[in-house]
Amino acid sequence: MEIEINNILVIGANGQIGSVLVPALQNIYGKSCVIASDIYDNGDANKVFEILDATNFDALQGVIEKYKITQIYHLAAILSAKGEKNPQLAWEVNVNSFINVLEVSVKHDIKKVFYPSSIAVFGLNAPPKNTPQNTILNPTTIYGVSKVAGENLAQYYFTKYGLDVRSLRYPGIIGYQSLPGGGTTDYAVDIYHKAIIGENFDCFLKANTELPMIFMDDAIKATIKLMQAPIENIKIRTSYNLSGMSFSPEEIYNSIKKHYPNFSIKYIPDFRQDIADNWVSSIDDKEAVIDWNWSPNYDLESMTDIMVTMLAKRYK
Ligand code: NAD
Ligand code: AKB
């Protein structure tokens with residue numbers, strides 16, 4: 001019997017998701033089998049690490065060959081708000097680095113690739129509530145445009161080369177372990193930190209702007225479940241809708257206020273309001289439920305309980 005070797009490369013590993021996903025993968029596959037990489041070294045000695053700019057094909061290929069990589073989690077991206085400040089960079093990082101990953105994967109017979117898409121693929125013409133898997137994708141941000149391109153590339157490489165690329169349309173991710181990096185949903189992480197350190201919160205979205213969100217533990221659970229599912233269960237080769245919860249700034253504020261009654265919020269919408277106004281408010285993820293048995297564990301209140309407990313410990 002052939003023994004399966006899992007040498008996993010995580011690209012963009014120092015970011016909000018990577019810094020939680022890497023330890024989760026280490027727990028499953030062992031520390032020496034998970035190679036974390038990013039464009040900068042954050043000094044965390046608890047992982048095997050390589051500096052890697054994924055827009056550089058030769059550098060990427062060098063790491064694949066050095067560690068005999070068999071799976072890639074490609075997390076590197078410029079998120080929605082940051083992308084609007086520099087659309088060329090967003091395209092270069094989000095699309096061209098993914099093409100490098102796909103090309104190197106075909107060339108080196110990589111067994112599985114994970115590609116994170118986003119609820120940013122949806123625009124104004126998608127049904128805004130309970131948005132279905134198959135609907136019109138006409139995003140208004142360069143980030144959303146790049147993710148639609150990525151989803152189609154994933155499907156193309158699967159169909160043309162049989163490359164096993166799997167993908168999720170993550171909602172906004174909220175966790176206590178790491179800080180977000182330039183997205184429109186970042187407010188929903190920042191608000192907890194402000195409450196816990198006793199500061200008031202200036203919110204860049206309006207009080208009633210409802211968006212799809214998910215707790216970090218559920219996002220990691222979904223990622224690992226998708227990647228471990230039998231290949232015959234993966235029916236969608238663009239990207240799976242994924243749902244955790246949906247709430248507005250006012251609702252998360254009220255949830256935190258139950259723990260911090262003196263906490264106050266001011267609404268000062270900026271350019272990120274325009275981005276959020278073009279996104280949908282809730283997601284229908286029945287295909288994920290049917291195909292690989294997805295279900296989230298957390299709603300707003302249970303997430304808030306953990307967020308305030310863990311951040312209170314951190315700031316003590
Ligand atoms: P992040 O911005 O926190 O992290 C991205 C990482 O990529 C950073 O550490 C950055 O240094 C690195 N990076 C940037 N350019 C690079 C390059 N050229 N080569 C290699 N690394 C590079 O993002 P995140 O929140 O961890 O998101 C990870 C992925 O998940 C992204 O593709 C993002 O679009 C997607 N996603 C995230 C969310 C969310 O709420 N966090 C929601 C939907 C989708
Ligand atoms: C962002 O706000 O850009 C991300 C996302 C939902 O893709 N958090």
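Trainee: Which residue of E2 stands opposite isoleucine 8?

Mentor: In this predicted model, isoleucine 8 faces valine 34 of E2.

Trainee: What makes E1 and E2 a pair?

Mentor: Two strands count as paired when DSSP finds at least two bridges between them. E1 (residues 8–11) and strand E2 (residues 34–38) have four, in the parallel sense, so they pair. Between them the chain passes through helix H1 (residues 18–29), and this β-α-β crossover is right-handed.

Trainee: How do you know that E1 also pairs with E4?

Mentor: By the same rule of at least two bridges. Four bridges join E1 to strand E4 (residues 71–74), and the two run parallel. In one of these, isoleucine 11 has histidine 74 of E4 as its bridge partner.

Trainee: How is the sheet ordered, and what makes E3 and E10 its edges?

Mentor: The sheet is open, has seven strands with parallel pairing, and reads E3-E2-E1-E4-E5-E6-E10. Strand E3 (48–51) and strand E10 (240–241) each have a single partner strand, so one side of each lacks a neighbour in the sheet.

Trainee: How many bridges support the pairing of E10 with E6?

Mentor: Two bridges, in the parallel sense, link E10 to strand E6 (residues 165–170). At least two are needed, so E6 and E10 qualify as a pair. Leucine 168 stands opposite tyrosine 240 in E10.

Trainee: What shows that both faces of E1 are covered?

Mentor: In a regular strand, side chains alternate between the two faces of the sheet. Ile8 and Val10 lie on one side of E1, Leu9 and Ile11 on the other, and all four are buried.

Trainee: Which residues touch the most other members of the largest nonpolar core?

Mentor: Val10 and Ile11, in a core of 89 residues. The element that gives the most to this core is H6, with seven residues. Leaving aside neighbours within four places in sequence, isoleucine 11 is in contact with Ser37, Leu52, Ala54, Ile72, Tyr73, His74, Leu75 and Ala76.

Trainee: Why is isoleucine 191 called buried?

Mentor: Isoleucine 191 has 22 other C-beta atoms within 10 Å. The cut-off is 20 or more, so isoleucine 191 counts as buried. This residue belongs to helix H6, where Tyr187, Ala188, Val189, Tyr192, Ala195 and Ile196 are among the other buried residues.

Trainee: What does isoleucine 191 touch, beyond residues up to four places away in sequence?

Mentor: Phe201, Ile252, Tyr253 and Ile256. The C-alpha atoms of isoleucine 191 and isoleucine 252 are separated by 8.5 Å, although the two are 61 residues apart along the chain. The 7 Å cut-off for contact applies to C-beta atoms, so the C-alpha separation does not contradict it.

Trainee: Which elements do the buried residues of H6 pack against?

Mentor: E7, strand E8 (201–203), strand E9 (211–215), helix H8 (249–257) and helix H11 (300–315). After H6 comes glycine 198, with a positive phi near 80°.

Trainee: How do the shells around the two ligands divide by class?

Mentor: The shell around ligand 1 has 14 nonpolar, 13 polar and two charged residues. Around ligand 2 there are four nonpolar, six polar and no charged residues. Glycine counts as polar, so Gly172 and Gly183 in the ligand 2 shell fall in that class.

Trainee: Which residues come nearest to ligand 1?

Mentor: Gly12, Gly15, Ala76, Ala77 and Gly181, out of 29. Helix H4 (87–107), strand E5 (112–118) and strand E7 (172–174) each supply at least two residues of that shell.

Methods. Residues numbered from 1 in each chain as written. Chains lettered and ligands numbered in written order. Predicted model: local features only at pLDDT ≥ 70, side-chain atom pairs only at ≥ 80, totals over all residues. Near = placed C-beta within 6 Å. Buried ≥ 20, exposed ≤ 12 C-beta atoms within 10 Å, placed from the backbone. Contact = placed C-beta atoms within 7 Å. Right-handed = clockwise from strand over helix to strand, strands pointing away. Core = buried A, V, L, I, M, F, W, Y, C linked by C-beta atoms within 7 Å.
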